[in-house]
Structure formats: structure tokens, C-alpha cells
Amino acid sequence: MEVRLKGDGKRVNRSAIGAQVRVKLKDKTLSRQVEAGTGEGNQNDLTLHFGLGAHKGDVDLEVVWPGGAKQTVRRVRTGRIVDIVYRR
């Protein structure tokens with residue numbers, strides 16, 4: 001599963017750098033954070049990748065945007081790219 005975030009360019013930067021996404025499964029929670037670069041001359045992929053293993057079915061996503069605002073997206077189908085836009 002892949003998640004792409006987009007900020008509004010005012011409260012949250014357009015690339016959503018610093019935002020965190022949590023995928024809630026039955027027995028665990030997976031977490032990823034959008035990072036611009038982790039070393040000199042490096043650029044990280046802004047798309048967050050989640051390996052769900054044998055999990056089947058929909059999942060709930062929780063986004064914590066820079067500044068602390070939270071957004072929940074329920075019943076997301078897996079096996080695809082999910083685009084989430086900052087809403088306030």
C-alpha cells in the first residue's frame with residue numbers, strides 16, 4: 001500500500017514533509033513519516049510505503065500533519081496508491 005500526502009501550502013507545506021501516517025491493523029499499528037532527505041545530497045521518496053504482509057481487507061489511516069492536526073480516513077482499500085489532501 002502506498003500513501004501520498006499533499007498540504008495546502010499555507011498551514012501545511014505542499015509536500016507534507018513532517019507528516020506521519022499510521023495504518024491500524026488488527027494486532028499492530030504501522031507508522032511512517034514524510035522526510036525530505038536523510039543525508040547530504042539525498043532525496044527521499046515522498047510516497048509512504050506500507051508492507052501489509054498477509055493482511056486482507058480495508059484499513060483505517062490516521063494522518064498527523066505538521067502542527068499536530070489529525071485526520072482519519074476509514075475503510076481504505078489496500079493494494080493501491082492512496083492520495084490524502086490536508087483538510088482543515
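## Salt bridges in a predicted model

In this predicted model, arginine 4 counts as partly exposed, because its relative accessibility of 36% falls between the limits of 20% and 50%. Its partner is aspartate 83, with which arginine 4 forms a salt bridge whose closest N and O atoms are 2.7 Å apart. Because aspartate 83 belongs to strand S7 (residues 81-85) and arginine 4 to strand S1 (residues 2-6), this pair ties together parts that are 79 residues apart in sequence. Aspartate 83 itself counts as exposed, with a relative accessibility of 51%.

The structure holds three salt bridges, which are set out below with their N to O distances.

| Acidic residue | Basic residue | N to O distance |
|---|---|---|
| Aspartate 83 | Arginine 4 | 2.7 Å |
| Glutamate 62 | Arginine 22 | 3.1 Å |
| Aspartate 60 | Arginine 74 | 3.5 Å |

Turning to the pair of glutamate 62 and arginine 22, the two side chains meet in a salt bridge at 3.1 Å, N to O. This pair links distant parts of the chain, with glutamate 62 in strand S5 (residues 59-64) and arginine 22 in strand S2 (residues 20-24), 40 residues apart. How accessible is glutamate 62, buried or exposed? With a relative accessibility of 15%, glutamate 62 counts as buried, because this value lies under 20%. Arginine 22, by contrast, is partly exposed, and its relative accessible area is 25%.

Strand S5 also carries aspartate 60, whose side chain meets that of arginine 74 in a salt bridge at 3.5 Å, N to O. Arginine 74 lies in strand S6 (residues 70-76), so the bridge to aspartate 60 in strand S5 ties together parts that are 14 residues apart in sequence. Within this pair, arginine 74 is exposed, its relative accessible area being 53%, whereas aspartate 60 is partly exposed, with a relative accessible area of 26%.

One further residue may be described alongside these pairs. Lysine 10 is found in the loop between S1 and S2, and it is exposed, with a relative accessible area of 77%. Between lysine 10 and valine 64 there are 16 Å in space, C-alpha to C-alpha, and the two are 54 residues apart in sequence.

Technical notes: Residues numbered from 1 in each chain as written. Predicted model: local features only at pLDDT ≥ 70, side-chain atom pairs only at ≥ 80, totals over all residues. Heavy atoms only, no water. Salt bridge = Lys/Arg side-chain N within 4 Å of Asp/Glu carboxyl O. Helix = DSSP H or I, 4+ residues; strand = E, 2+ residues; numbered from the N terminus. Buried < 20%, exposed > 50% of the residue type's maximum accessible area, 1.4 Å probe, protein only.
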